[in-house]
Amino acid sequence: MKYEYPRIKPIYPLYQLNKERFRVGAQLGITTEFDDEQGQFWTLSNLLDGIRPFNEVVIEMKEKYPELTSKDVEEGIDIVICAIDEPPFIIHIIVNEAIVKVGLPCVFGASQVSRGRVYTVIPQETGCFDCMNLNFSKNDPKFIEQFVGFRNI
C-alpha cells in the first residue's frame, strides 16, 4: 500500500539528538526516540513532509543512500504505529482495513476524553479492530454508551 503524499504530522516535530539518534514528537508520553546509526530513518522522516509524492521520496532516498533499492524503501515497512485519535474510531477503522489488507501488524493508541486505549492487531493472529469492538459491545455494558458519546464530540 502506498500513500500518494506521505507525511509525519507537523504536531510531531523531528529532533536530531546526535548523529545516531533522533526523536519524533515533543509531548511527554507521545515522544519516541530512534537509534539510527546510518541516518537513513532521519533522512526518510524529513522527506515525509506531505509535499513530496511517494515516488520522489524513494528516488531521493536512493540518491542519498545508493546501497538501498526501491524495494528497500517501498517494502521496508514491517509495522504500523497508529497514534491518531481524531476523528474518534473512524481513523482506526480506516487504518485497520489497510493493515489487514496488506498483512502488517499495527500498534494502535488513542486518548478518548479521560481514558486511553493501546492495543495491537496482528493480521491472521489476533482479532482486528472490528473484532475487538464486537467483543467489547458484548461484554462491557458501558462500551456502547462511550462509543455513541464519541460521535457527539
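Guide: A nonpolar core here is a set of buried Ala, Val, Leu, Ile, Met, Phe, Trp, Tyr and Cys residues joined through side-chain atoms within 4.5 Å, and buried means under 20% relative accessible area with a 1.4 Å probe, protein chains only. This is a predicted model, where local features need pLDDT of at least 70, side-chain atom pairs count only at pLDDT 80 or more, and totals for chains, interfaces and linings use all residues. Numbering starts from 1 along each chain as its sequence is written, and side-chain values use heavy atoms, with hydrogens and water left out.

Visitor: How many residues make up the largest nonpolar core?

Guide: Its members include Cys82, Phe89, Ile99, Tyr119 and Met132. The full count is 12 residues.

Visitor: Which helix gives the most to this core?

Guide: Helices and strands are DSSP runs, H or I of at least four residues and E of at least two, numbered from the N terminus. H4 (90-102), E5 (106-112), E6 (115-121) and H5 (129-139) each supply at least two core residues. With three residues, the top giver is H4.

Visitor: Which residues make up the covered face of strand E2?

Guide: E2 spans residues 21-24, and Arg21 and Arg23 sit on its uncovered face. The covered face is Phe22 and Val24.

Visitor: What is the bridge partner of arginine 21 in E3?

Guide: Strands pair if DSSP finds at least two bridges between them. E2 and E3 (residues 32-35) run antiparallel, joined by four bridges. Toward E1, arginine 21 partners asparagine 18; in E3, the partner is aspartate 35.

Conventions: Buried means under 20% relative accessible area, exposed over 50%, partly exposed in between (1.4 Å probe, protein chains only).
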